Amino acid sequence: MQTIPNLHGYLSAASKSDDYEERACARNFLLDERPPPEALELYKPHFAFGPVSDMDDWYGRHHGFATEQLFLDPSESDAPVTFRPLSDRNRVTQIDERLNLIRVEQADWPCILRGDSFEEVADQIKRFRAGDDAARGFLQGLCNAWNADRDRRPAYVTTEIQVADILADGVADWAVRLRNRLGLGHLDPGPAGRPVEILVMRYPVAEAIAALDGQGHPAIPTMLDGDISNYSFPSPLPKPDATKAPLYGRTVNLTPVEDDNDYEMGCELLSPRLVYRPEHFYRAGIVAEPVTMPLDRARGFHLPWVRIDAGRDDFGADLFGEGGE
């Protein structure tokens, strides 16, 4: 990423921090090649009033940028920076519009809006998908309340094909496996062991494109497309002589494995906000198991596979050399 004076000193120091989560976040920014120069120009003013002092300071300034440029009200005329022309190099315009996208949402917020229980929402989704049109009214009411309370931030998604094995009929622990494959480490019951309830939304790429008047092609994420997360990992740009551009970003897989040969990268894209309809509800599930894959091991396995996938043995060489994390 292009150097920002009042941020770079902190990132350089934090990339060697004893706190692995802080180190991972800093390294993500130092590694990321994808933020467009115009997006960085919008980011820089948040660092104009002095050097970053610590992680909390950085997070606050970054969140200020996200609030201004990503977390927009539906009434605003401009699109989030992710879907403006300045970010076109990260847009996947060659994707098949018939593919279904999969979005994982935490269920507590939409349930709270009307006082619905998760069990009732899950039952109504199951009824609707089984052909009970009487459930449509319930789900439409939920959509109405939820849509009115959602901003326009880009939504992290994957494609249905990429997780078809997990979403196949009869997979009892699909919610945990989906969480792990997509690197959604925030969906963790934690020490208290409180299960995390999720809703899985599904819609075709064509609807994402149409959501921004035909300009909503999914995008490969950069570190400037959401809040800071130690579970993310930047995707390299292709070589200048590459015959094709990558179709996906790559998620850090949190499935517990001991050997890098057993590691499998997940896939991610960014979708513009859709106005949800009953047809978008696909599943409801519960993540009842904690994340057990150590983050340092997952990231250590991830970097070599990203390099192979992109044909970029040099990716991150100035930060890591030929080794991994």
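Two strands are taken to pair where DSSP finds at least two bridges between them. On this criterion, strand S3 (residues 196–204) and strand S6 (residues 281–287) pair in the antiparallel sense over six bridges, and within this pairing Ile198 has Gly285 of S6 as its bridge partner. The structure described here is a predicted model, and every value reported below was computed from it.

The secondary structure of the protein amounts to eleven helices and six strands. With a radius of gyration of 20 Å, close to the 20 Å given by the globule rule for 325 residues, the protein is therefore as compact as a globular protein of that length. Taken along the principal axes, the box filled by the C-alpha atoms is roughly 60 × 45 × 45 Å. Of the 325 residues, 51% count as buried, while the area exposed by the protein is about 14800 Å², of which carbon and sulfur atoms supply 49%. Among the contacts with a separation of 6 or more, 77% are accounted for by residues 24 or more positions apart. The protein carries 34 positive and 54 negative charges, and the mean positions of the two sets lie 3 Å apart.

The pairing of S3 with S6 belongs to a wider series of antiparallel pairings. S3 is also joined to strand S1 (residues 100–106), by seven bridges and in the antiparallel sense, and in this pairing Arg103 stands opposite Met201 of S3. S1 in turn runs antiparallel to S2, to which two bridges join it, with Ile102 standing opposite Thr158 of S2. Three further bridges join S2 to strand S5 (residues 266–271), again in the antiparallel sense, and here the bridge partner of Val157 is Leu269. Strand S2 spans residues 155–159, and because four of its five residues are buried, S2 is largely enclosed by the rest of the structure. In a regular strand the side chains alternate between the two faces of the sheet.

Several individual residues in helices and loops illustrate how the remaining parts of the chain are placed. Leu142 is found in helix H7 (residues 135–147), and, since its relative accessibility is 1%, it counts as buried. Apart from residues up to four places away in sequence, Leu142 touches Pro110, Arg114, Asp116, Val121 and Phe281. By contrast with these contacts, the C-alpha atoms of Leu142 and Glu76, which are 66 residues apart along the chain, are separated by 23 Å.

Met293 occupies the loop between S6 and H10, where a relative accessibility of 4% places it among the buried residues. Not counting residues up to four places away in sequence, Met293 touches Asn253, Leu254, Thr255, Pro256 and Val257, together with Ala298 and Phe301. The separation between the C-alpha atoms of Met293 and Ser271 is 27 Å, although these residues are 22 positions apart along the chain.

Two charged residues are likewise buried. Arg312 is located in the loop between helix H10 (295–310) and helix H11 (317–320), and its relative accessibility of 7% lies under the 20% limit, so Arg312 counts as buried. Neighbours within four places in sequence aside, the contacts of Arg312 are with Glu33, Pro236, Leu237, Lys239 and Arg307. Glu22 lies in helix H2 (residues 20–31) and has a relative accessible area of 18%, which also falls under 20% and therefore makes Glu22 buried. Its contacts, again leaving aside neighbours within four places in sequence, are with Tyr10, Ala14, Ser17 and Met55. Glu22 and Phe118, separated by 96 residues in sequence, are 34 Å apart in space, C-alpha to C-alpha.

An exposed position is provided by Asp213, which is found in the loop between helix H9 (205–210) and strand S4 (249–251). The relative accessibility of Asp213 is 74%, and because this is over 50% the residue counts as exposed. The backbone of Asp213 is also notable in that phi is positive, at about 55°, although the residue is not a glycine. Most residues other than glycine have a negative phi.

Conventions:
Residues numbered from 1 in each chain as written. Predicted model: local features only at pLDDT ≥ 70, side-chain atom pairs only at ≥ 80, totals over all residues. Heavy atoms only, no water. Rg over C-alpha atoms; globule rule 2.2 N^0.38 Å. Buried < 20%, exposed > 50% of the residue type's maximum accessible area, 1.4 Å probe, protein only. Contact = heavy atoms within 4.5 Å. Areas by Shrake-Rupley, 256 points an atom, 1.4 Å probe, with all protein chains shown as cover. Lys, Arg positive; Asp, Glu negative; His and termini not counted. Charge placed at Lys NZ, Arg CZ, Asp CG, Glu CD.
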